[in-house]
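Work through the exercises below with the sequence and the structure side by side. Try each task before you read its solution.

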Amino acid sequence: EVSELNLDLPLLTRNDESKLISVNFDPQLVSVLREVRYLESGKREDIEIPDSAANIYAKNDLFRQYLANLDLIVSRYNKVRDTVLDVEFPLIEGQLTALDVQLDRAITSLRLERER
């Protein structure tokens, strides 16, 4: 139940001070996915997997794909933010601002629950 609630948490967050973004995937959800995979692989009939956990696990590949894409976006964005020199910043400021607008929209609206 708790992990299902955490599907509605934002997938991206931003540090207001540094402006860097990060993927916000709940570790408890990772744990549930791992446990269900273990139980599925064992095919033990004496253990019943709760429907909510099985439903989440059914989307495991989709979640993995989303997270891989988000990790790539986050690492490249943060690399630009971290490595741009003060003299270079004016050259990319407009593009970075446009990207920040898109990222801010994603931060407020992108959730796994809506993507299921």
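**Exercise 1.** Find where Asn 24 lies, and decide which residues distant in sequence it touches.

*Solution.* Begin with the position: Asn 24 lies in the loop between β2 and α2, where helices (H or I, at least four residues) and strands (E, at least two) are DSSP runs, numbered from the N terminus. This is a predicted model, in which local features need pLDDT of at least 70 and side-chain atom pairs count only at pLDDT 80 or more, while totals for chains, interfaces and linings use all residues. Residues are numbered from 1 along each chain as its sequence is written, and side-chain values use heavy atoms, with hydrogens and water left out.

Next, take contact to be heavy atoms within 4.5 Å. Leaving out residues up to four places away in sequence, Asn 24 touches Leu 9, Pro 10, Leu 11, Leu 12 and Thr 13. For Pro 10, which is 14 residues from Asn 24 along the chain, the C-alpha atoms of the two are separated by 6.6 Å.

Finally, consider accessibility, for which buried means under 20% relative accessible area, exposed over 50%, and partly exposed in between (1.4 Å probe, protein chains only). Asn 24 counts as partly exposed because its relative accessibility is 29%.

**Exercise 2.** Describe the loop residues Lys 19 and Asp 86.

*Solution.* Lys 19 belongs to the loop between β1 (12–14) and β2 (21–23), and it has a positive phi of about 70 degrees although it is not a glycine. With a relative accessible area of 39%, Lys 19 is partly exposed.

Turning to Asp 86, we find it in the loop between α4 and α5, and at 73% relative accessibility it counts as exposed. Asp 86 and Leu 72 are 14 residues apart in sequence, and their C-alpha atoms are 24 Å apart in space.

**Exercise 3.** Check the span of helix α4 and list its buried residues.

*Solution.* The expected span of a helix is 1.5 Å times one less than its number of residues. Helix α4 (residues 60–83) has 24 residues, so it should span 34 Å, and its end C-alpha atoms are indeed 34 Å apart. The buried residues of α4 are Asn 60, Phe 63, Leu 67, Leu 70, Val 74, Tyr 77 and Asn 78.

**Exercise 4.** Which residues of the largest nonpolar core touch the most other members, and which elements give two or more residues to it?

*Solution.* A nonpolar core is a set of buried Ala, Val, Leu, Ile, Met, Phe, Trp, Tyr and Cys residues joined through side-chain atoms within 4.5 Å. The largest one has 18 residues, and those touching the most other members are Leu 12, Phe 25 and Leu 112. Two or more residues come from each of α2 (27–42), α4 and α5 (89–109), and α4 gives the most, with five residues.

Now follow one of these residues: apart from its neighbours within four places in sequence, Leu 112 is in contact with Leu 7, Leu 11, Phe 25, Leu 29, Phe 63 and Tyr 66.
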